[in-house]
Amino acid sequence: MRSLSKIRGSLLGGAAGDALGYSVEFLSYDQIIERYGADGILGYDMTNDIAIVSDDTQMTLFTANGLLLGREAEAEAYFAQQKALVASIPSESTGKTVAMF
């Protein structure tokens, strides 16, 4: 149980960090300073009260699900779950695939 808690914390921490950096992923240092000031990013850029994460978090969660449900007998259910998840993910005008956190 203790290991599972650490794994959950690691996944949540990765998603939280990804959400913090999502809005500046492709900006230069100078562009970040121009947008956020000398202190940099101090909070999440929210979209409809949701912190958006990138495809990096999406793929991490897909991989984690695959490790948890990777037995051949469960493969069909796993792929159906992933298909439903992908269908629920909005695309932004940037063309990036994103998930909500």
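1. Accessible areas here come from the Shrake-Rupley method with a 1.4 Å probe. On that basis the accessible surface of the chain in this predicted model comes to about 7300 Å², and 58% of that surface belongs to carbon and sulfur atoms. Of the 101 residues of the chain, 23% count as buried.

2. As for the overall layout, the secondary structure comes to 4 helices and 3 strands, and along the sequence these elements follow the pattern α-α-β-β-α-α-β. When contacts between residues at least 6 apart in sequence are considered, 64% of them join residues at least 24 apart.

3. Confidence should be kept in mind from the outset: the mean pLDDT of the chain is 79, and 76% of the residues reach 70 or more. Helix H2 (residues 29-36) has the highest confidence in the chain, at a mean of 95, whereas strand S3 (residues 99-100) has the lowest, at 47. Over residues 97-101 the pLDDT is below 50, although this stretch has 26 contacts in the model beyond near neighbours in sequence. Where pLDDT is low, the predicted coordinates should not be read in detail.

4. Helix H1 (residues 2-22) has 21 residues, which at 1.5 Å a residue should span 30 Å, and the distance of 30 Å between its end C-alpha atoms agrees with this. The buried residues of H1 are Ala 15, Ala 16, Asp 18, Ala 19 and Tyr 22. These residues lie on the same side of H1, because they cover an arc of only 165° around the axis. The face turned away from that buried side carries the exposed residues Arg 2, Ser 3, Lys 6 and Ser 10.

5. What do the buried residues of H1 pack against? Their partners are strand S2 (50-53) and helix H3, and the second of these helices deserves a description of its own.

6. Helix H3 covers residues 55-69, 15 residues in number, and reaches 20 Å from its first C-alpha to its last, which is close to the 21 Å expected at 1.5 Å a residue. Thr 57, Gln 58, Phe 62, Ala 64 and Asn 65 are the buried residues of H3. They, too, are placed on the same side of their helix, because the arc they cover around the axis of H3 is only 165°. At the start of H3, a side-chain oxygen of Ser 54 comes to within 3.1 Å of the backbone nitrogen of Asp 56.

7. Thr 57, which has its place in helix H3, gives a closer view of the packing. Its relative accessible area is 8%, and Thr 57 therefore counts as buried, since buried means under 20%. Leaving aside neighbours within four places in sequence, Thr 57 is in contact with Gly 14, Ala 15 and Asp 18; of these, Ala 15 and Asp 18 are among the buried residues of H1.

8. Is Asn 48, in the loop between strand S1 (46-47) and S2, buried or exposed? At 71% relative accessibility Asn 48 counts as exposed, because the cut-off for exposed is over 50%. Asp 49 is found in the loop between S1 and S2 as well, and with a relative accessible area of 72% Asp 49 is also exposed. The backbone of this loop merits a look: phi of Asn 48 is near 55°, a positive value in a residue other than glycine, and phi of Asp 49, likewise a residue other than glycine, has a positive value near 65°.

Technical notes
Residues are numbered from 1 along each chain as its sequence is written. This is a predicted model: local features need pLDDT of at least 70, side-chain atom pairs count only at pLDDT 80 or more; totals for chains, interfaces and linings use all residues. Side-chain values use heavy atoms; hydrogens and water are left out. Helices (H or I, at least four residues) and strands (E, at least two) are DSSP runs, numbered from the N terminus. The expected span of a helix is 1.5 Å times one less than its number of residues. Buried means under 20% relative accessible area, exposed over 50%, partly exposed in between (1.4 Å probe, protein chains only). The arc is that of the directions from the helix axis to the C-beta atoms. A polar contact is a pair of N or O atoms within 3.5 Å; within protein, one must be able to donate a hydrogen and the other to accept it, and residues adjacent in sequence count only if both atoms are side-chain atoms. Contact means heavy atoms within 4.5 Å. pLDDT is the predictor's confidence in each residue, from 0 to 100.
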